[in-house]
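Q: I have a model open and want to go through a few parts of it. Can we take it piece by piece?

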Amino acid sequence: MMTERIFLSSPHMSGKEQSYIEEAFTTNWIAPLGPNVDAFERQIADYVEVADAAATSSGTAAIHLALELLGVSKVDTVFCSTLTFIASANPILYTGATPVFIDSEEKTWNMSPVALERALVQAKQNGKMPKAVIIVNLYGQTAMMDELVALCEEYSVPIIEDAAESLGSYYKGKPSGSFGKFGVFSFNGNKIITTSGGGMLVSNDVEALKQARFLATQARDAAVHYQHSIVGYNYRLSNILAGVGRAQMEVLNERVKSRRAVFNRYVNELGNINGFDFMPELEGTYGNRWLTTLTLNPEKVKTPPYELIEELSKENIEARPVWKPLHLQPLFEGCKFYAHDENDVVSERLFKQGVCLPSGSNMTLEQQKKVIENIKHVIGVNNFSIHSAE
Ligand SMILES: *Cc1c(COP(=O)(O)O)cnc(C)c1O
């Protein structure tokens, strides 16, 4: 009999979600918006230490609203991390603007300040500055914010921080998501906490978030009759789903601790395999370790990542490659790309060598042992370079 599948990252309910949903039903707040939405927004704003938060139907919608609020249109360019999920950049296309992709650096796998600086210098020479820079915090690891923020300030380009994967992470004591003009979170089913689907736009600019709420509810003018002067969207979060979010926020810190424990167990058991390099944690930062990720050095590990993923899948274990860089996606063919180093495109190497391991906060010890044993088995039969553990 086939054992239960071990997922990369599956929803982990606390048990209190249904009491908030029940509240919505009892009071008949079965609508977008309502008391659960208000409370959930407050929780996030307080946690991230920003002035305000606006709940949205998805993280993608929140990024789109951020771009709209910054006035991005089809004549503009927007810089974006290349090593990320497609949702970071799809909203650039919604506005008609042109994306420009920025490579990663080694230490965080996130946007390279070196590549960003070259892109900004050239943009200035060309007399066409980007309207925004979308900085992604991959797999819960915050980017090199001091350097990136300094550059964006020097060139006066606003930051949208895509913190969809990094809720609960900190950079030098400051919450992830609070570094840009706007920050974005996602509560999709596979994220560190979930509402099944949903997102959040955060900012210290309270007026801008008022405008975000206006745009997200069809941009209806202040009139008794239905009057509209600009394009709007239907992007707000349901009051039922926000109830799930309220209960999830109460256990966020526990979820971060569990994910970090999962990571540490992998490192303890597999860290001494020659050629296995786990995603580092930048000094002074605290990551939520949403997904445990590592690279397999092809000179030392004979099993390529895709083969490891395939073998694990046969054992009903879900592992995945690292995101395929967006500058390599057919959708973005022809878009400009700035490498960290022309001779070593970091994002492409991470993609070729990277693997994401099952990392759910609800994964049992037994399940993790099974993953570890299977990895040792797959690597062991093809590879003789494992250091003896003393
Ligand atoms: C999940 C994710 C998003 C999008 O969030 P949705 O809520 O699924 O729309 C955006 N950026 C990154 C990096 C993500 O991982």
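The chat below goes through the domains, one helix and a few loop residues.

Q: What kind of model is this?
A: It is a predicted model, in which local features need pLDDT of at least 70 and side-chain atom pairs count only at pLDDT 80 or more, while totals for chains, interfaces and linings use all residues. Residues are numbered from 1 along each chain as its sequence is written, and side-chain values use heavy atoms, with hydrogens and water left out.

Q: How is the chain divided?
A: Into domain 1 (17-249) and domain 2 (252-379); the bounds come from an automatic or database domain assignment. Their centres, taken over C-alpha atoms, are separated by 25 Å.

Q: How much area do the two bury between them?
A: About 4,100 Å², with 63% of it on carbon and sulfur atoms. Buried area here is the accessible area (1.4 Å probe) that two parts lose on being put together, summed over both.

Q: Which three residues supply the most on the domain 1 side?
A: Trp109, Tyr139 and Ile192, which supply 22% of the area that domain 1 buries against domain 2.

Q: Switching to H5. Which residues are buried there?
A: Pro113, Ala115, Leu116, Ala119, Leu120 and Ala123. Buried means under 20% relative accessible area, exposed over 50%, and partly exposed in between (1.4 Å probe, protein chains only). Helices (H or I, at least four residues) and strands (E, at least two) are DSSP runs, numbered from the N terminus.

Q: Why do they line one face?
A: Because, seen down the axis of H5, the buried residues fall within an arc of 160°, the arc being that of the directions from the helix axis to the C-beta atoms.

Q: What do they pack against?
A: Strands E2 (77-81), E3 (98-102), E4 (132-136) and E14, plus helix H6 (145-154). Packing is counted by contact, meaning heavy atoms within 4.5 Å.

Q: What happens at the start of H5?
A: A side-chain oxygen of Ser112 comes to within 3.2 Å of the backbone nitrogen of Val114.

Q: Now Arg289. What is its phi?
A: Positive, about 50°, although Arg289 is not a glycine. Most residues other than glycine have a negative phi.

Q: Where is Arg289, and is it buried or exposed?
A: Arg289 is in the loop between strand E11 (285-286) and strand E12 (292-296), and at 9% relative accessibility it counts as buried.

Q: And Gln218?
A: Gln218 also has a positive phi, near 70°. Gln218 is partly exposed, with a relative accessible area of 41%.

Note on methods:
Polar contact = N/O pair within 3.5 Å; in protein donor to acceptor, adjacent residues only side chain to side chain.
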